[in-house]
Amino acid sequence: MNHASSIVGAITPLLATASFSVPLLSLFIRSKKFYNAYALAVSAIALAMASWTFVSLVEGGYKPIIYRFGGWPPPVGIVYEVDALNGFLGLYASLVMFIAFLFSTWYSKFIDDVIWYYTLLLGLETGVIGCIYTGDVFNLFVMLEVLSISAYGLAAFFTRRPAALEAAFKYAFIGAVITTLYFIATVILYSAYGTLNMADLLGKSTLASSNGFSGWLFGDIASASLAAIAFTLWVFTFKSALFPNHFWVPDVYSAAPVPVIAAFSGAVEVTGVYVVARFMYTLFGAGSVLALNGYRDSILLMLLVLGVASGLVGSLMMIMQKNAYRLLGYSTISHIGLLYMVLSLGMSYVPSDVLKTALTALIYHIVNFGLGKVLMISSIGLVSASAGERDLDKLSGLSRLYPIASIGITMAVFQLIGLIPFGGFYSKLLMYQAFISSGQLILAVALIVVSAISSLGYLKIFYALIFPPLLRSYVKESEGVLMPIISALAIAVLLLGIFSPALLKFIEAVVENSLMPKGVEMYYGSFAEVLRGYTGGG
Amino acid sequence: MIDAFTFLFTTCMLSIIVNLGISLYGVLYRPSLIKKIISLTIFSDSANITAIIIGYVRWRNPGEIAPPVLLNPSPTLEDIETFAKVAVDPLPQALVLTAIVIGLAVTLFLVFLTLQMYRFYGTTDVRRIAKLRG
Amino acid sequence: MLIVSDPVSASIFISLMMLCLTLLLYLVVKALKPKHSGSGDESREMYLGGEHPNILSKPHVLQSGLYWAIVFRDFKRVYRGLVEKVHTGIAIDWAYYMTAWLLILLLLAIIALGVSSLI
């Protein structure tokens, strides 16, 4: 077992332990500054570990890294399997969470009880990283629950505000139902395949290979996969807020603490998109039992339609919002719609080079949208938290007090609309190319219509925060740590655009080695190699 | 012609599925928050029973099914062989254990939320708790 | 790579984008242009573009004015549907849309099962 593998295994236990030791530490230490530093240090360590994992993955030629918990052989014990895709997204998510923690050190002056806040936020990071790194379907359920419970708690964090309670209760009720449904889906998978390991499921559903540990099949895998994938897709479209399952996002955004909104938008919903991609391309890919009866094509088509609907609904609803964060919630929904539009181009009649372009656009747009959104939320957070208001009418002209916030909002709007030197433009251009070369002109038109409508919504933020005069005099808060966050992110979104040719080449290699057939083969190959170590070449 | 064992098994399976459907209806469409919590516990319990039933190795003869418990504290190789032959699948039971613990946490959180909502809104009717709209 | 190697679709993309922006600007200009009342009678009432006179007491134009000016007339029906039918804020109404999506998934699964039994 090499270093990279141990780090993959250590990252979630570390985060979980750090999270649970916050309430214990509170028996001895009450200082707010200590908890700020503690949580920031933990998330910095997690970021360093995720980067180390990804660097060693690239150095090893994208060969998936496997960590076996307790040293058990893969189908028997839980494993974490990190290939190019989840290595990259794990790095991205831990970066977003690190920014959220950095933001929290500034925001903590508006919070009375930082102990529970940091416990829950560290729990959220545990859930996100666990969901991304895991190689086991049931461990995904456990991590999903860790993520969800922390998310419910953070949504209801301001328990004195009725809006926060209402949002959290709506989110938590349906969230509890969907996680139970995902539990049923894992049980159905287990009943037919006799295994819960992702690589083993891939082997049995696609490559028709068995192994000595989990035996061969126990039931009708075709119907079990149909039922399981139906439930799973419903669950993870809820987590990632696709159109008919998107209702929780604006509610939760309108009352949660601001750094939490950044974490939700940048990391939690992206996790849902990642899991759908993992199920549709790795576990039940183009050659699996699911593709034989046309189910895979038809649900991908449904996801495509819902992606378009989500983009349109999100961008239309954006225009009429009064609460700044509610507006950003609808903007997230519209971007998630765009992500699903490119995610679902994997139908059997779409050529594989088009699919490769589409998936490259997917990952590139995840990064562009996530960083642009975090930049936007931290800029607006600086303004709105200082004023104690979230209503756009009452915030009018406030960003004149904070020039850095004005710059941040401007850059973020350009990034999210997709203007030319920014990264958002290049990812939308790549999406457009994928749609045109797949022969679906209507999708390309839909992409442009969605961008155009949503630009009206972003214009509203401009118009409310930057142009009008101040309503009354405010006491100016110090920017503190938000100054470096906003300037670094503003430079980052510019660099994402300027270096897009090199970045795209890199992301294309990531896609080639994870979601495309070559990467799927490598995913199974690593698993088989570990098994061979136990059975002695069998 | 089916025997009593198969008949009971099928009835059990069908009633679980009906139970899942009814409790899903309850948790999604009943307006009262308390009834939603009750339906949610029924829903997760039905899901747990589904898991247990799937772990029950149905295709064996009734005489060859036993709980996954080793009676001998220091088992010999033969003990382990017979154990592996008759014991039901223990993995779904482990899964259920995890799910029960998580379900408890979620239910507690929901009860707390309901109490706090009642203090603010004076009602537990979902249709009247709709401040966040549009 | 992809971006520089395909100038044709890049130029189509940029020109469509430009077209959309022009349309948008046109809409904004059209909406903000002062309108003359077409009735032609000699009323002394101040015309405020259909707004209530109390907006004059506001220190500046509210940002919601932008929305109402552009969207109110043209998209009235769409928004009424979106707000009163879909985003009502009542959890039971959400559940209808969410279960519809689940039922579509399950229905497709049943159809696929039928297809695979025919093969």
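Tutor: A salt bridge is a side-chain nitrogen of Lys or Arg within 4 Å of a carboxyl oxygen of Asp or Glu. The model is predicted, so local features need pLDDT of at least 70 and side-chain atom pairs pLDDT 80 or more, whereas totals for chains, interfaces and linings use all residues. Residues are numbered from 1 along each chain as written, chains are lettered from A and ligands numbered from 1 in written order, and side-chain values use heavy atoms, without hydrogens and water.

Student: How many salt bridges are there between chain B and chain C?

Tutor: Between chain B and chain C the count is 0 salt bridges, so no pair there meets the 4 Å rule.

Student: What makes up the contact between chain B and chain C?

Tutor: Chain B gives 11 residues and chain C gives 10 residues, where contact means heavy atoms within 4.5 Å. About 910 Å² is buried between chain B and chain C, 69% of it from carbon and sulfur atoms; buried area is the accessible area (1.4 Å probe) lost by two parts on being put together, summed over both. On the side of chain B that touches chain C, 7 residues are nonpolar, 1 is polar and 3 are charged, where Asp, Glu, Lys and Arg count as charged, Ala, Val, Leu, Ile, Met, Phe, Trp, Tyr, Cys and Pro as nonpolar, and the others, Gly among them, as polar.

Student: What is the radius of gyration of chain B, set against a compact globule?

Tutor: Chain B has 21 Å, whereas a compact globule of 134 residues would have a value near 14 Å; the radius is taken over C-alpha atoms, and the globule rule is 2.2 Å times the number of residues to the power 0.38. The C-alpha atoms of chain B fill a box of roughly 65 × 45 × 25 Å along the principal axes.
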